[in-house]
Amino acid sequence: MDIINTPWPYFYVDNFLSEQDFEYHCREALKLGEPAQEVERKILDYDPLPKMQDHLKEFDHREYEELGVFCHYAVTAPNTIHDKHVEAEFKIMSSIVYLSPETNHGTTLYDNNNKAYEIEWKPNRLFVFCGMNELTWHDYRSTDTRYTLNHFLVDPTKILNKEYLGHVIT
């Protein structure tokens, strides 16, 4: 896969999961139903995308002391806007698989001039990037309940949230 460099390095892959794996993750995520708040998560105790670490070498990324994995299904309520942000310092590489519904908003990336670039929502599309301080500004929104599989390569030594830290797979 080719790294796209505008507005900053990322890549995406359509039809990323096998049909069987995609259907499985959709079923598991949809079991969560409608969220009671803006975003709800079901943290996973296994790594559903073990080969993601192979892509880390394709990016410039933050320094890290240790490398672990943190995964969850995320369910975002309709009409939610997750404001523009950069990734937390402990996130080395972020990978999101869009699951359901068929149509929704994807992820919006911003350059230094606040010009927007849209990663279109498409079920079974994988979107990957390495958060780099003030460079990788992005946001996302939902028109309908939004289901994703979120996979992060993380540096556990930089995680302050004890709950998150307890779910890192090493």
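So, which residue forms a salt bridge with Asp14? In this predicted model, that partner is Arg125, and the closest N and O atoms of the two are 2.5 Å apart. Have a look at where they sit. Arg125 is in the loop between β7 (116–119) and β8 (126–129), while Asp14 is in the loop between β1 (10–13) and α1 (19–30), so this pair ties together parts that are 111 residues apart in sequence. As for surroundings, Arg125 counts as buried, at 6% relative accessibility, and Asp14 is partly exposed, at 27%.

Okay, how many salt bridges turn up in the whole structure? The search finds 6, and I'll show you a couple of others.

One of them joins Lys42 and Glu28, with 3.9 Å between the closest N and O atoms. Here Lys42 belongs to strand β2 (residues 39–43) and Glu28 to helix α1, so to speak two distant parts of the chain, 14 residues apart. Glu28 is the buried partner, at 13% relative accessibility; Lys42, at 33%, is partly exposed.

Next, please find Lys158. Its side chain meets that of Glu89 in a salt bridge, 3.8 Å from N to O. This pair links two loops: Lys158 lies in the one between β10 (146–154) and α2 (162–165), and Glu89 in the one between β4 (81–85) and β5 (91–100), 69 residues away along the chain. Lys158 comes out as partly exposed, with 26% relative accessibility.

Last thing, back to where we started. Asp14 and Arg125 belong to a network with Lys122, joined by salt bridges that share partners.

How values were computed. Residues numbered from 1 in each chain as written. Predicted model: local features only at pLDDT ≥ 70, side-chain atom pairs only at ≥ 80, totals over all residues. Heavy atoms only, no water. Salt bridge = Lys/Arg side-chain N within 4 Å of Asp/Glu carboxyl O. Helix = DSSP H or I, 4+ residues; strand = E, 2+ residues; numbered from the N terminus. Buried < 20%, exposed > 50% of the residue type's maximum accessible area, 1.4 Å probe, protein only.
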